[in-house]
Amino acid sequence: MQQKEEYLRRLRRIEGQARGLQRMVEQEKYCIDILTQVSAMTRALQNVALGLVEEHLAHCVHDAVATGGPEADAKVREASAAIARLVRS
């Protein structure tokens, strides 16, 4: 994983957002403000997921396809399934 530190930085920030959301709920903040923060956190997680998909395609899938054989087919199916899960979420 080439951008490991970047992903960890983003995930720590998302973790902070989750704690902030918990505080907002505990303090009974305005619902729309909470929903706005949920949306921001969702976008942040989606950005991490997209980065991971791009990296997986550029390295794992690319290398498997270059090698060929059943492993290539399996990596493409695996990537397609992961993308489908992201689209449905």
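**Exercise 1. Gln 46: buried, partly exposed or exposed?**

Solution. Gln 46 has a relative accessible area of 41%, so this residue counts as partly exposed. The cut-offs behind that step are under 20% for buried and over 50% for exposed, with partly exposed in between. Keep in mind throughout that you are looking at a predicted model. Next, find the residue's place: Gln 46 sits in helix α2. Finally, look across to Val 87, which is 41 residues away in sequence, while the two C-alpha atoms are 9.9 Å apart in space.

**Exercise 2. Work out how many helices and strands the protein has, and describe its overall spread.**

Solution. Start by counting: there are three helices and zero strands. Walking along the sequence then gives the pattern α-α-α. Now turn to the spread. The radius of gyration is 17 Å, whereas the globule rule gives 12 Å for 89 residues; the value is well over the rule, so the protein is more spread out than a compact globule. The box that holds the C-alpha atoms, taken along the principal axes, is roughly 55 × 30 × 15 Å. Two further values complete the overview. Buried residues make up 18% of the 89 residues. Of the contacts with a separation of 6 or more, 48% are between residues 24 or more positions apart.

**Exercise 3. Decide how α1 and α2 are arranged relative to each other.**

Solution. First locate the two helices: α1 covers residues 4–26 and α2 covers residues 31–67. Their axes come within 10 Å and cross at roughly 160°. Angles over 145 degrees count as roughly antiparallel, and α1 and α2 are therefore roughly antiparallel to each other. The handedness of this crossing is left-handed. By class, the residues in the contact of α1 with α2 are 15 nonpolar, four polar and three charged.

For a close-up, pick Gln 17, a residue of helix α1. With a relative accessible area of 22%, Gln 17 is partly exposed. Leaving aside residues up to four places away in sequence, Gln 17 touches Ala 40, Met 41 and Ala 44. Take Ala 44 from that list: Gln 17 and Ala 44 are 27 residues apart in sequence, and their C-alpha atoms are 9.7 Å apart in space.

**Exercise 4. Find what is unusual about the phi of Glu 28, and say where this residue lies.**

Solution. Begin with the general expectation. Most residues other than glycine have a negative phi. Now compare: Glu 28 is not a glycine, yet has a positive phi of about 55°. As for its place, Glu 28 belongs to the loop between α1 and α2. The last step is accessibility: Glu 28 has 72% relative accessibility, so this residue counts as exposed.

**Exercise 5. Repeat the helix comparison for α2 and α3.**

Solution. Helix α3 spans residues 70–88, and the axes of α2 and α3 come within 9 Å, crossing at roughly 170°. That angle makes α2 roughly antiparallel to α3. The crossing of α2 with α3 is left-handed. To see who takes part, look at both sides of the contact. From α2, the residues include Ala 49, Val 53, His 56 and Leu 57, along with Cys 60, Val 61, Ala 64 and Val 65. From α3, they include Glu 71, Ala 72, Lys 75 and Val 76, along with Glu 78, Ala 79, Ile 83 and Leu 86. Sorted by class, the contact of α2 with α3 has 12 nonpolar residues, one polar residue and three charged residues.

**Exercise 6. Ala 64: buried or exposed, and which residues does it touch?**

Solution. Ala 64 is part of helix α2. Its relative accessible area is 4%, so Ala 64 is buried. Not counting residues up to four places away in sequence, Ala 64 touches Glu 71, Ala 72 and Lys 75. You can also check a distance here: Ala 64 and Ala 74 are 10 residues apart along the chain, and their C-alpha atoms are separated by 8.8 Å.

Notes
Residues numbered from 1 in each chain as written. Predicted model: local features only at pLDDT ≥ 70, side-chain atom pairs only at ≥ 80, totals over all residues. Heavy atoms only, no water. Axes fitted to C-alpha atoms, helices over the stretch in contact; angles between N-to-C directions. Helix = DSSP H or I, 4+ residues; strand = E, 2+ residues; numbered from the N terminus. Parallel < 35°, antiparallel > 145°, perpendicular 65-115°, else oblique. Left-handed = near helix turned anticlockwise from the far one by under 90°. Nonpolar A, V, L, I, M, F, W, Y, C, P; charged D, E, K, R; others polar. Rg over C-alpha atoms; globule rule 2.2 N^0.38 Å. Buried < 20%, exposed > 50% of the residue type's maximum accessible area, 1.4 Å probe, protein only. Contact = heavy atoms within 4.5 Å.
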